[in-house]
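Open the model in your viewer and keep the sequence panel beside it. This tour tells you what to select at each stop and what you will find there.

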Amino acid sequence: RIHVGEGASLRHTMVTLGGDVVRIRMDQDFGGEQGDLNMLGMYFVDPGEHVEHRTMVVHNYPECKSRVVYKGALEGKGAHSTWVGNALIKPEAPGTDSYELNRNLVLTPGAIADSEPNLEIENGNIIGAGHASSVGRFDDEELFYLQSRGVSEIEARKLVVRGFFNELIEEIGVPEIVDHLMKAIDRRLARTEE
């Protein structure tokens, strides 16, 4: 549970790198005006694993801002992710600015990504509110372009996945954690070569 105080700013990062069944729920509200919340999440799901993330952001004070961005990669038959992002803008929260995003990259056939952004607005006096969701596989043209430049298919796939996660990882801003996460992703991708 996250409670963001008046004028406070919080960046929260959730990284899930596997588990047979993982269910994580993060609830959040504000404790005063002009709070700023940035929730980042990334996950990598292997064959037979189920990873579920649920977020609930409640805008209950004026002029608060929230950004929820979760990205996941799924590989192998039976890899399954679920993301449910909820945002509620209450009548007592004019000036709200809220956005939630979930993107999923399906690396191999047989993986399933469920994504459900939900937005409930009970106040017409807001700056902005939005949500987006996508599930896709490797872009064949992107892979072809890299391969036409002499990059092997395996290395091209690695570059695409690293690029997919890089935006979030760099936003963490702690060099030791950034380095650790990039190495963890590289280890995951190395296993797919075997």
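Select Met 14 and then Gly 41 in β4: the two are bridge partners. The model is predicted, so local features need pLDDT of at least 70 and side-chain atom pairs count only at pLDDT 80 or more, while totals for chains, interfaces and linings use all residues. Residues are numbered from 1 along each chain as its sequence is written, and side-chain values use heavy atoms, with hydrogens and water left out.

**Stop 1: the sheet that holds β4**

Colour strand β2, residues 9-16, and β4 together; they run parallel and are paired over 8 bridges. Strands here are DSSP runs of E with at least two residues, helices are runs of H or I with at least four, and both are numbered from the N terminus. Two strands pair if DSSP finds at least two bridges between them. Thr 16 can be found opposite Tyr 43 in β4.

Now select β4 alone, residues 36-45. How many of its 10 residues are buried? The count is 9, so the strand is mostly covered, where buried means under 20% relative accessible area, exposed means over 50%, and partly exposed lies in between (1.4 Å probe, protein chains only).

Move on to strand β6, residues 65-74, which is joined to β4 by 10 parallel bridges. Click Tyr 43 again and look across to Gly 72, its bridge partner in β6. From β6, step to β8, the next parallel partner, again over 10 bridges. Ser 66 has Ser 98 as its bridge partner in β8. Strand β8 covers residues 97-106, and 8 of its 10 residues are buried. Then add strand β10, residues 128-137, which runs parallel to β8 and is joined to it by 10 bridges. Tyr 99 has Gly 130 as its bridge partner in β10.

Show these strands together: 5 strands form an open sheet in the order β2-β4-β6-β8-β10, with parallel pairing. Which strands stand at the edges? They are β2 and β10; each has a single partner strand, so one side of each is left without a neighbour in the sheet. On average, neighbouring strands of this sheet are turned by 5° against each other, direction ignored. Such angles run from 0 to 180 degrees between N-to-C directions, and the axes are lines fitted to C-alpha atoms, for helices over the stretch in contact.

While the strands are on screen, turn on side chains. In a regular strand the side chains alternate between the two faces of the sheet.

**Stop 2: the other sheet**

Hide those strands and show the open sheet of 5 strands with the order β1-β3-β5-β7-β9, also paired in parallel. Its edge strands are β1 (2-4) and β9 (112-121), each pairing on one side only. Neighbouring strands in this sheet are turned by 10° against each other on average, direction ignored. Select β7, residues 80-89, with β9: 10 bridges join the two, which run parallel. Leu 88 has Glu 120 as its bridge partner in β9.

**Stop 3: the two helices**

Select helix α1, residues 140-148, together with α2; the two pack at an angle of about 125°, with their axes 9 Å apart. That makes α1 oblique to α2, because angles under 35 degrees count as roughly parallel, over 145 as roughly antiparallel, 65 to 115 as roughly perpendicular and the rest as oblique. To see where they meet, show Glu 142, Leu 143, Leu 146 and Gln 147 in α1 against Glu 153, Ala 156, Arg 157, Leu 159 and Val 160 in α2. Contact means heavy atoms within 4.5 Å.

**Stop 4: salt bridges**

The structure holds 11 salt bridges, each a side-chain nitrogen of Lys or Arg within 4 Å of a carboxyl oxygen of Asp or Glu.

Stay on α2 and pick Arg 157 and Glu 153, whose side chains meet in a salt bridge of 3.1 Å, N to O. Both lie in α2 (residues 153-172), 4 residues apart, about one turn of the helix. Arg 157 is partly exposed, at 28% relative accessible area, and Glu 153 is partly exposed at 40%.

Next, pick Lys 158 and Glu 155, which form a salt bridge with the closest N and O atoms 3.4 Å apart. Is Lys 158 buried or exposed? Lys 158 is buried, with a relative accessible area of 18%, whereas Glu 155 is partly exposed at 38%.

Finish with Arg 25 and Asp 27, a salt bridge in which the closest N and O atoms are 2.7 Å apart. Arg 25 is exposed, with a relative accessible area of 56%.
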